[in-house]
Amino acid sequence: MDINVTGLTKLYGAQKALDNVSFHVKTGEIVGFLGPNGAGKTTAMKIITCYLSATSGEVKVGDYTVRNNSQEVKRMIGYLPEHNPLYLDMPVIDYLEFSALLQGVEKSKVQLRIREMVKKCGLNVEKHKKIGELSKGFRQRVGLAQAMIHDPQVLILDEPTTGLDPNQIVEIRRLIRELGKEKTVILSTHILPEVEATCDRILIISKGKIVADGTSDTLRKKSQGNEMLKLKIEDGNKMDILRALQQLETVALADVIAGSENVFEVQSKGSLSSRRNVFKLCVDNKWVLTEAVPYETKLEDIFRDLTIN
Amino acid sequence: MRALVILAKRELQSFFDSLVAYIMLAAFLGFSGFFTWLYGSDVFLRNQADLQTFFGIAYWTLFFFIPALTMKMLADERKSGTIELLFTKPISDWQIVCGKFLACLSLILIALLCTLPYYITVWKLGPVDHGSVLCGYLGLILMSSAYISIGIYASSVTNNQIVAFLVSLFAGMFFHILLDMISKNFTGTAGELISYLSVSSHYDSISRGVIDSKDIIYFLSLIFMSLFLSEVSLAKQK
């Protein structure tokens, strides 16, 4: 089920939570929303799930619009809200049954679905306890189970792994990846490695606008610009090597890293790569290249660049 | 319809899970039983096989209990955020409001069912006017429904339970006593109009055994109006 968002704007009084946001999510795609606090991630999710109405703009899920066919849209969506609100006085099983029935799961299939979800989310030990007696991690699992109980086409998860232990995080990420093969998944998170581990595509939102859209690789490439290499070249005079490096035609800048013995930093021109030239240079002068490390731009840096200004 | 029943069932279940239902039932039966059978102008003092004393007491106890039952219905959902779960399920606001109404009314009906032994006992004691007893129950049910819907409206405008309780009690007070008192100070059309707005005048006429379409329409429109306003106030929060 495709999700199509066009020109979405949401005003809270005078404050613009979303400012003309447009994006498209294809079936079988896992999209991660990234953004600092208050960027508009949750607002966007709440509008897609029909909890809030947009000031202007349109959201289409499949063939239905949120504005005109909200009931149909809600039926297709499984939603885990941000703070994971739950009826604390209800036992886990009863709560799952309640959610399944409200989502319109057929009566004959309800028990089957509950069993499946209990197994998938690892709730077996706690299933007869009241939700209020569960720890945060288990409550989060109940929230996830509730979101997936009716086998929805679209899953919208607002920070799905908060409060889970590392094993469970891995487990839930695996579950999301598995679901994402045939379903459309949108998730938001603050944990950057999580987006890289689970999402096919990243949307970075800042101040209500989308500032980046792409896979983690394309984002990296875009922000990286010129190639940067850290080289360690031995068996030669430091100054000779530096001079030779600076004379390479693909090299824009070369320098010795302060306080180190024969470790250099080399920046290439434009979109060129100096790796082959450096290797050749070393072979010609009989220097030994013991280390060549490309600098990777971390997602953290991209995130910081895009969201602080 | 199915969603309505599911919602009402959950709500009713939560009354029983949280002891609210048991406390309410025990207190209601305790009060009404004590004053009907043991104290004051009880059945034996009146020496008449009727349930007028019971209806008089129930009228007041329900008036105080209902706001306590309805105060958490929407206010708590808003405070804990669970309203977000309901709003994102394929159900309408109208179903949410009516589900709550139905749950609360069911609890009141259970309470009233528990008083059937009173009726049977009085019946054994002497000749009972069955029509008047039935009308008394009908009056209680209609009055409770009206206060439940007012209570749900009060609960829908705030996320603080105490505020919801006080608002619904105050609004109830208007319909219960104040309008009746005010109407006595007026004569002519104004007096009649104000007296028509008062719950007590309609309740009195039904519990006397007179079922007038005017009274029924009054209660039904009061219920519908409050539920409608609750739905509007829910929709406004989106």
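**Notebook: salt bridges and the A/B interface**

I started with a pair in chain A: the side chains of Asp213(A) and Arg201(A) form a salt bridge, 2.9 Å from N to O. Asp213(A) sits in strand S10 (residues 209-214) and Arg201(A) in strand S9 (residues 201-206), so this pair ties together parts 12 residues apart in sequence. I checked how open each end is. Asp213(A) is partly exposed, at 35% relative accessible area, whereas Arg201(A) is buried, at 12%. Note to self: this is a predicted model.

Next I went to Lys183(A), which meets Asp151(A) in a salt bridge at 2.6 Å, N to O. This pair links distant parts of the chain, 32 residues apart: Lys183(A) is in the loop between helix H6 (166-180) and strand S8 (184-188), and Asp151(A) is in the loop between helix H5 (136-148) and strand S7 (154-158). Buried or exposed, I wondered, for Lys183(A)? Lys183(A) is buried, with a relative accessible area of 8%. Asp151(A) comes out partly exposed, at 40%.

Third pair: Glu194(A) and Arg173(A), in a salt bridge at 3.3 Å, N to O. Glu194(A) is in helix H7 (residues 192-198) and Arg173(A) in helix H6 of chain A, so parts 21 residues apart in sequence get tied together. Glu194(A) has just 2% relative accessibility and counts as buried.

Then I pulled the total, which is 20 salt bridges over all chains. How many of them cross between chain B and chain A? I got 0 salt bridges across that interface. What I did find there is 6 residue pairs in polar contact, both residues at pLDDT 80 or more.

I stayed with the interface. On the chain B side, 22 residues are in contact with 27 residues of chain A. About 2,300 Å² is buried between the two chains, with carbon and sulfur atoms giving 59% of that. Arg10(B), Glu84(B) and Pro90(B) lose the most area on the chain B side, together 27% of what that side buries. Arg10(B) also turned up in a salt-bridge network with Glu11(B), Glu77(B) and Lys100(B).

Last, cysteines. I counted 0 disulfides over all chains. Cys104(B) is in no disulfide, and its nearest cysteine sulfur, that of Cys98(B), is 13 Å away. I looked up burial too: Cys104(B) is buried at 0% relative accessible area, and Cys282(A) is buried at 3%.

Conventions
Residues numbered from 1 in each chain as written. Chains lettered and ligands numbered in written order. Predicted model: local features only at pLDDT ≥ 70, side-chain atom pairs only at ≥ 80, totals over all residues. Heavy atoms only, no water. Contact = heavy atoms within 4.5 Å. Buried area = accessible area lost by both parts, 1.4 Å probe. Salt bridge = Lys/Arg side-chain N within 4 Å of Asp/Glu carboxyl O. Polar contact = N/O pair within 3.5 Å; in protein donor to acceptor, adjacent residues only side chain to side chain. Disulfide = S-S within 2.5 Å. Buried < 20%, exposed > 50% of the residue type's maximum accessible area, 1.4 Å probe, protein only. Helix = DSSP H or I, 4+ residues; strand = E, 2+ residues; numbered from the N terminus.
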